[in-house]
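User: I would like to learn how to read salt bridges, burial and pockets in a model like this one. Could you take me through them step by step?

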Amino acid sequence: FGDRIYLSSQELDNIEKLEDLTPVEKRTRDGYLLQSEIGLRVSDFKSLKWENFKEDYVQLVTNKSDRPVHIPLTVRAKRLLEKYRGNKSKKVIPIP
């Protein structure tokens, strides 16, 4: 597949620190960061529900492989999730 391209921890920190954003931009930023932290395909990320999240991991059956996965949550992922715990949306982070 060639060279892998990814953001460094410092670059992710810089994105997380962005503040002059609209509410939609903030949710989009947080969704991007959470997806970066847990490494799911977009289809799997969009299907996440709160019941998939345990204290220290996320557990789900992936759409593509139909296999269960158990992904440890990073400190950043836990911090992002805490911001949205209790929201009234069915989505974990209500992004467009």
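User: Is D13 buried, exposed or partly exposed, and what is its relative accessibility?

Analyst: Please keep in mind throughout that this is a predicted model. Burial is read from relative accessible area, where buried means under 20% and exposed over 50%, with partly exposed in between. D13 has 25% relative accessibility, so D13 counts as partly exposed.

User: Which side chain does D13 meet in a salt bridge?

Analyst: A salt bridge is read from a side-chain nitrogen of Lys or Arg within 4 Å of a carboxyl oxygen of Asp or Glu. Here the partner of D13 is R76, and the N to O distance between the two side chains is 2.9 Å. The pair ties together distant parts of the chain, since R76 belongs to helix α4 (residues 75-84) and D13 to helix α1 (residues 9-16), 63 residues apart. R76 has a relative accessibility of 9% and therefore counts as buried.

User: Which residues are linked with D13 and R76 in a network of salt bridges?

Analyst: The network links D13, E16, E37, R76 and R79. Within it, E16 is a good residue to follow: E16 lies in helix α1, and its 18% relative accessibility places it in the buried class. The side chains of E16 and R79 are joined by a polar contact of 2.9 Å. Once residues up to four places away in sequence are set aside, E16 touches R29, L33, R76, R79 and L80.

User: How many salt bridges does a search of the whole structure find, and which residue forms one with R41?

Analyst: The search of the whole structure finds nine salt bridges. R41 forms one with D44, with the closest N and O atoms 3.6 Å apart. Accessibility is read for each partner separately: R41 is partly exposed at 41%, whereas D44 is buried, with a relative accessible area of 0%. Another of the salt bridges joins R85 and E82, whose closest N and O atoms are 3.4 Å apart, and R85, at 45% relative accessibility, counts as partly exposed.

User: Which residues line the largest pocket, and what classes do they belong to?

Analyst: A pocket is read from its volume, its lining and the classes of the lining residues. The largest pocket holds about 150 Å³ of space, and its lining consists of L34, F45, K46, L48, F53, K91, V92, I93, I95 and P96. By class, eight of these lining residues are nonpolar and two are charged, with no polar residue in the lining.

User: Where in the chain is V92, and is it buried or exposed?

Analyst: V92 is placed in the segment after α4, and V92 is buried, with a relative accessible area of 5%. Leaving out residues up to four places away in sequence, V92 touches L48, K49, W50, F53, L81, Y84 and N87, and L48 and F53 also appear in the lining of the largest pocket. Separation along the chain and separation in space are read independently: V92 and V69 are 23 residues apart along the chain, and their C-alpha atoms are separated by 18 Å.

User: How far apart are P72 and E37 in sequence and in space?

Analyst: P72 and E37 are 35 residues apart in sequence, and 9.6 Å separates them C-alpha to C-alpha. P72 is found in strand β2 (residues 68-72), and at 57% relative accessibility P72 counts as exposed. Apart from its neighbours within four places in sequence, P72 is in contact with D56 and Y57.

Key
Residues numbered from 1 in each chain as written. Predicted model: local features only at pLDDT ≥ 70, side-chain atom pairs only at ≥ 80, totals over all residues. Heavy atoms only, no water. Helix = DSSP H or I, 4+ residues; strand = E, 2+ residues; numbered from the N terminus. Buried < 20%, exposed > 50% of the residue type's maximum accessible area, 1.4 Å probe, protein only. 1 Å grid on protein atoms, 1.4 Å probe; cavity = no way out; pocket = protein on both sides within 12 Å on 5 of 7 lines; lining within 4 Å. Points joined across faces, edges and corners; volume = space filled by probe spheres on them. Nonpolar A, V, L, I, M, F, W, Y, C, P; charged D, E, K, R; others polar. Polar contact = N/O pair within 3.5 Å; in protein donor to acceptor, adjacent residues only side chain to side chain. Contact = heavy atoms within 4.5 Å.
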